[in-house]
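Reader: Could you take a close look at one helix pair in this model for me, and then tell me what else to keep in mind around it? I'd like to know how the two helices cross and which residues do the touching.

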Amino acid sequence: MRITPQQAEKKSVASAIPKRPVQNTPSSPGLTAEEQKPAPKAENAQKSGQQNAGRPAIPRRPAQTPSSPGLASGSSKQPEKQAPHTEKGGEEKSKQQADIAEQKTTAIPKAAAPQKSGKADIAEQDTVSITKISSEEKPGKLADISEQKTAAIERSSLPKNADALAAQNTVLLEHQPVPQPSSKVPGHTLPTTPPPGQDNGTDLSLQQGMPPVRSDDVFESAEDFAERRARVNRVMIVKKRRKERKEGKRFPLLARIAVIILLILIVLTSGGGGAAFAYYQAQLPQLQGIADHSLFQTTHIYDRNGKPLYDLYDKQIGKGRRTYVDYKNISPLLVEATVAVEDKSFWENPGFDFQGIGRAITSGGSAGGGSTITQQLIKVQLFEGLPRTPERKIQEIFLAAGLNQQYPKWKIMEMYLNTVNYGNINYGVEAAAQDYFGLKPKCDKKTNTCIPAVAQLTLGQATLLAGLPNSPTTLNPIYNKENALKRQQQVLASLLRDKKITEQQAKQAADEMKKFKFVSHSSQQKMQAPHFVNFVIDQLAQVLGPENLRNGGYSIYTSLDLDLEKKVEQITYSNLYEETYDKLNGVYTVLSRDRNVNNAAVMVMNPRTGEILAMNGSVNYNSSTPEAQGQVNAVTQTFRQPGSSFKPIVYATAFEMGWYPGMILPDRETLYPYPDGNGVNGWYTPQNYDRQFRTNIPMTARKALGNSFNISAVDTVMFAGIPNVLNMAGRLGIDTVAKVDPKNTGASLALGAKEASLYEMTGAYAVFANKGKRVPPVSILKIVDNQGRTIYQYDPKKPQGQQVVKPEVAFMISDMLSDKEARYLEFPPGNDLELPDGRPAAVKTGTTDSFKDNWTIGYTPYLTVGVWAGNSDNSEMHDVIGLTGAGPIWNQVMDYASKKYNFPMDGFTPPGNVHKVPVSNYTGLLPGAGDPVNEDWMIDSLQPTIYGSNYYVPTATCVNGKDQNGKPCTPPKKDDKKP
């Protein structure tokens, strides 16, 4: 080949330039030890050439700008040297050549390969690394180049006309030394091409096999060359970074993750597995907590028939509703949908999926996070809210591998579906199914089993739920239905991909959810029987602890009958706020409007078992008026004077001391030795509520109690003694009265002057109904923990009662209170103390001074009902007594409940040692000659054995054709009167 003058001149100059050895410094990264050896000196060139004879020469591409022409392919021969560019004069040229001779150059091939010339040779190259000059060696504009870092220049960014470089993917610009001005030789030259076979230690700027080109196209000043290369670098770096940002790639982070995964493989397959196992063991308690259902869970409160009353859960941030369900009760549709969209290799992978992680790395995260269902379970339980770092990822994988080895796949799936957040404070699928779709567990009382809501899911419901954990807030179907439906389409597409469903099924599932109106059913569910539920929660909190109760996931089965409770609430409200008929006065009235009766409370219980069947603490739970403070439970939290309803406790005390129903207790004005500024002569002088005394008839204890006369009751407490009456109150469960200091009370105790609650008073009457055996009120029948284990159960067949009153005494009290005729002096036939079906019922009313409180409490052998009526602010009612205020409510509740449970119409059976004995109607003792006789119940051992003397003989009267004994009589004529 003919050599041009320029080539000949360049060749001659290159042969005279001594080669500087390559220094093994930080400016030459990536070189092997062999490659970093000093280049051979001139005198050892031949030896060096022999050593490198087997290594191919590395062709180099001159730095180009968009204005530089493309390089055409040439012959396979080494191109001849071209003459240096001389536009700055010979002196500058010599100086430049001398400077070039001292420069270090490094050419690093990606892989050694046989030499090829021209385009073929260039196409085989992957990268070209160019070493950067340190900043100390470069003045002026070259200093800018020294700060440039490595950049990947992709093939798409090269000039379009660079056909010879079209096969290259990337050119790495790393630490490339550039020509510098020299003080010895003026001008600038490019490094020369080494002889064939010598590529180490020489910077190749001309590619082998390239045809000659014009000197002014190739040979330019080093400064221009540097500027052009820097400009290319900047453009390529900017393009590269933009592309990375656009694709969301973060190669440094993902590279770290890749290294970590490699370390995991090494640890799991080597002795380092011991450390991994130790780490897993340290976290094991928390992981076992998931399997043992120790996650925070909703506590469910039910009535006696399994009807939900309230769901109790922690409303703090990060907490919410959760009900754990076993895998066998989870819909298979939901399991399939979850696996398809979250982790299709779930049933086969070891807890982590390298293919998934690899996709996440290569896609820069756009293909998902690469986390399996097992990893997500670990993340939710242990790392929720913590920064996502490679270190966390490696911990995830370690723990997922351990969890996968310890538990079967179905158990991990069960744990996952009960753990993850489904939005709207629903944690776990059961809470979500109940909230979003309004599904409720279906319970069978006979088999004591329930089918949870999640077992009832349709395909549409299952596929919608399966997509929610991806982003519980943004996919909440209540507020973001469109987003939730789009996510459902992805779940359905995954199932179609796996051939789990047909196109028709997918369409039907999508259409079902499109038509569905989403609301939060759990939020709309109001607390049923709120006073009772809060009463139960207060009891449980003392036993289980408040936090444990909220988060423990207990199932509480109570004694309440929700159906009865609803009826009681309706009866209470209608009697106060709707028009009713007043039987005593024969008028229609609205008590709240006409009598200022604005609030009432009712308690119903089974006296034999103590079970509370209904508890209505106010006329309306949502009422907030001063007269009716609805959220205050007037059954348990309000303490009022019970009035005459306390009298049975007084008589029971006296009966245990030998008295009986036939005792004579005259109804006349009496002064008692207790100071009273309002009494006669400063002494306590009680009155009957109508301010009248019945001195014309023999007043037995039976009649006095039935008609609620006060003097007889005070006489009784004076006989029995105040301490004994307080003791009886305590035995019956009226603790507030029992705690009263006897020194601070007087005879007014007999008239209910000391405050008590309706809860206590109803329980006391239940003792009489249960033949003197006290069974404390029971509100909780069974407690089941979150693993289905019964930790407490009440057995109604074996009530834990205590005999606190003699059965004989209890019977006599019951017989007196159920005697309809005995109360006719004040309460005529057909009053509200008589049940419509004629069922025997023992009942007593109570009315306090100034008409502030009304009470009616009564019972049958099977049921006890207590009613209070009045105003929350203690304001006075208008001319209302127990019979007309609380009485109608008691009557209707007792009648409804007795018929609802189909109780027998039994009365009260006397014990074997109680018989009727005739006594004098004048003295209450053995009848004397000519004394009217009255038969009444007595305990055999306590029958009177004496006749009375100095006894009171009332004046015989005949009013309205009846004498003092209620028997027919003829009024005497005026002539018959004795003078």
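Author: Here's the helix pair, followed by a few single residues and a word on confidence.

This is a predicted model, so let's keep that in mind while going through the pair. The two helices are α22, covering residues 562–577, and α31, covering residues 887–900. Their axes come within 10 Å and cross at roughly 155°. Since angles over 145 degrees count as roughly antiparallel, that makes α22 roughly antiparallel to α31. As for the hand of it, the crossing of α22 and α31 is right-handed.

Now for who touches whom. On the α22 side the contact is made by D563, L564, K567, V568, I571, T572, N575 and L576. On the α31 side you've got P888, I889, Q892, V893, Y896, A897 and K900. Sort those by class and the contact has 9 nonpolar, 3 polar and 3 charged residues.

Away from the pair, a couple of backbone angles deserve a glance. Most residues other than glycine have a negative phi. A529 isn't a glycine, yet its phi is positive, about 45°. You'll find A529 in the loop between α19 (521–524) and α20 (530–544), and it is buried, with a relative accessible area of 1%. R691 also isn't a glycine and has a positive phi, in this case about 65°. R691 sits in the loop between β14 (683–684) and α25 (701–706). Unlike buried A529, R691 is exposed, its relative accessible area being 62%.

One more residue to click on is D511, which belongs to helix α18 (residues 503–515). D511 is partly exposed, at 24% relative accessible area. Its C-alpha is 8.1 Å from that of G460, although D511 and G460 are 51 residues apart in sequence.

Finally, confidence. The protein has a mean pLDDT of 77, with 68% of its residues at 70 or more. Over residues 1–219, though, pLDDT stays under 50. The model still has 381 contacts beyond four places in sequence for that stretch. Residues 364–368 are below 50 in pLDDT too, and there the model has 6 contacts beyond near neighbours in sequence. Where pLDDT is low, the predicted coordinates should not be read in detail.

Methods:
Residues numbered from 1 in each chain as written. Predicted model: local features only at pLDDT ≥ 70, side-chain atom pairs only at ≥ 80, totals over all residues. Heavy atoms only, no water. pLDDT = per-residue confidence, 0-100. Contact = heavy atoms within 4.5 Å. Axes fitted to C-alpha atoms, helices over the stretch in contact; angles between N-to-C directions. Helix = DSSP H or I, 4+ residues; strand = E, 2+ residues; numbered from the N terminus. Parallel < 35°, antiparallel > 145°, perpendicular 65-115°, else oblique. Left-handed = near helix turned anticlockwise from the far one by under 90°. Nonpolar A, V, L, I, M, F, W, Y, C, P; charged D, E, K, R; others polar. Buried < 20%, exposed > 50% of the residue type's maximum accessible area, 1.4 Å probe, protein only.
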